[in-house]
Amino acid sequence: MTGSADGNELPHWDASNASAKVVAYFSQQASKYQTKSSRFPWAWVRAPELAAIRSLLGDVEGGEILELGAGAGFYTRDLVRRGARQVWAVDMSDAMLAMLPSGPITPILGDAQTMQLSKRFELLISTGMLEFVRDPSAALANAADHAEPGACFVLLVPRTSVLGRLYRRFHRAHGLRIHLFDRSWFETNAPGTGWLVRSVVRVPPFSLAVRLVRAE
């Protein structure tokens, strides 16, 4: 596996199972995605989500972190600001990866369900990815294959709720079908993929922040 922290070279894996519509939509949004994240209404949505993710992640200083669904790097930037030694940022859209800042970041073009790295991590994060994959359980299982025993995996997903359904309708208007989640989904599905549920927190207005731990 080859990678470049300055973004000049992207490792590639087979992403044939990825939704072409998802890749096309987010590639089209890439150039303005980070800017939109800092403006209303998305800045209002992001603030409590960021606080919840920081709380569940804990101290990241000096850590090597696998980020699945990095997008344009909203959380990547925060991890670097908080002292992460290296962030391995995976996304299906090369246009999104091109928006990542310079720094201790290794961009990886690949599908969270199928990509393979010759490395395991003690800390993993995924924010806004799991709802878009074809098989969320497959993504969790593949993440487990890249996790050390006892590793922590923190996720942010849309919650099954009235506002969550409105969020799903928003994406449906753009031709995308997404999954919604509740605590029972993780309690039912995570153990079979190698993860134990440690914490599930409701985050307004429509999200869940979830902390999983890799089974020993």
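The following exercises, each with a worked solution, concern a predicted model of a protein.

**Exercise 1. Confidence**

State what average pLDDT the protein has, and identify the stretch in which the pLDDT is below 50.

*Solution.* Begin with the whole protein: the average pLDDT is 90, and 92% of the residues score at least 70. Next, turn to the stretch in question: residues 1–18 have a pLDDT below 50. In the model, this stretch has 41 contacts beyond near neighbours in sequence. Finally, consider how such a stretch is to be treated. Where pLDDT is low, predicted coordinates should not be read in detail.

**Exercise 2. Two helices**

Determine how helices α1 and α2 are oriented towards each other, and which residues meet where they are in contact.

*Solution.* First, locate the elements: α1 covers residues 20–37 and α2 covers residues 42–57. Their axes come within 8 Å and cross at roughly 70°. An angle from 65 to 115 degrees counts as roughly perpendicular; α1 and α2 are therefore roughly perpendicular to each other.

Second, list the residues that meet. From α1 these are Tyr 33, Lys 36 and Ser 37; from α2 they are Trp 42, Ala 43 and Arg 46. Third, sort the contact by class: 3 residues are nonpolar, 1 is polar and 2 are charged.

**Exercise 3. Aromatic rings**

Find how many aromatic pairs the structure holds, and classify the geometry of the pair formed by Phe 181 and Trp 185.

*Solution.* The count is 9 aromatic pairs. For Phe 181 and Trp 185, the ring centres are 5.0 Å apart and the planes are at 80°. Planes over 60 degrees apart count as edge-to-face, so this pair is edge-to-face. Trp 185 also pairs with Phe 186, again edge-to-face, with 5.0 Å from centre to centre and 80° between the planes.

The accessibility of the two phenylalanines can then be added. Phe 181 has a relative accessibility of 1% and counts as buried; Phe 186, at 0%, is buried. Elsewhere, ring pairs join Tyr 25, Phe 26 and Phe 132 into a cluster.

**Exercise 4. A peptide bond**

Decide whether the peptide bond from Pro 204 to Pro 205 is cis or trans, and locate Pro 205.

*Solution.* Omega for this bond is near 5°, and the bond is cis. For context, most peptide bonds are trans. Pro 205 is situated in the loop between β6 (195–203) and β7 (207–214).

**Exercise 5. Buried or partly exposed?**

For Ala 190, Leu 79 and Gly 150, decide whether each is buried or partly exposed, and name its contacts outside the neighbours within four places in sequence.

*Solution.* The cut-off needed is that buried means under 20% relative accessible area, exposed means over 50%, and partly exposed lies in between.

*Step 1: Ala 190.* This residue occupies the loop between α7 (183–189) and β6. Its relative accessible area is 0%, so Ala 190 is buried. The contacts of Ala 190 are Leu 140, Trp 185, Trp 195, Val 197 and Leu 212. Ala 190 and Val 213 stand 23 residues apart in sequence, with 9.7 Å between their C-alpha atoms.

*Step 2: Leu 79.* Helix α3 (residues 74–81) contains Leu 79. With a relative accessible area of 2%, Leu 79 is buried. It is in contact with Leu 57, Val 60, Ile 65, Glu 67, Ala 84, Val 87 and Ile 125. The C-alpha atoms of Leu 79 and Ala 20 are separated by 29 Å, and the residues are 59 apart along the chain.

*Step 3: Gly 150.* Strand β5 (residues 147–158) contains Gly 150. A relative accessible area of 36% makes Gly 150 partly exposed. Its contacts are Val 213, Arg 214 and Glu 216. Gly 150 and His 171 are 21 residues apart in sequence, and their C-alpha atoms are 35 Å apart.

Technical notes: Residues are numbered from 1 along each chain as its sequence is written. This is a predicted model: local features need pLDDT of at least 70, side-chain atom pairs count only at pLDDT 80 or more; totals for chains, interfaces and linings use all residues. Side-chain values use heavy atoms; hydrogens and water are left out. Axes are lines fitted to C-alpha atoms, for helices over the stretch in contact, and angles run from 0 to 180 degrees between N-to-C directions. Helices (H or I, at least four residues) and strands (E, at least two) are DSSP runs, numbered from the N terminus. Angles under 35 degrees count as roughly parallel, over 145 as roughly antiparallel, 65 to 115 as roughly perpendicular and the rest as oblique. Contact means heavy atoms within 4.5 Å. Ala, Val, Leu, Ile, Met, Phe, Trp, Tyr, Cys and Pro count as nonpolar, Asp, Glu, Lys and Arg as charged, and the others, Gly among them, as polar. pLDDT is the predictor's confidence in each residue, from 0 to 100. Rings of Phe, Tyr and Trp (its six-membered ring) pair if their centres lie within 6.5 Å; planes under 30 degrees apart count as stacked, over 60 as edge-to-face and the rest as tilted. Buried means under 20% relative accessible area, exposed over 50%, partly exposed in between (1.4 Å probe, protein chains only).
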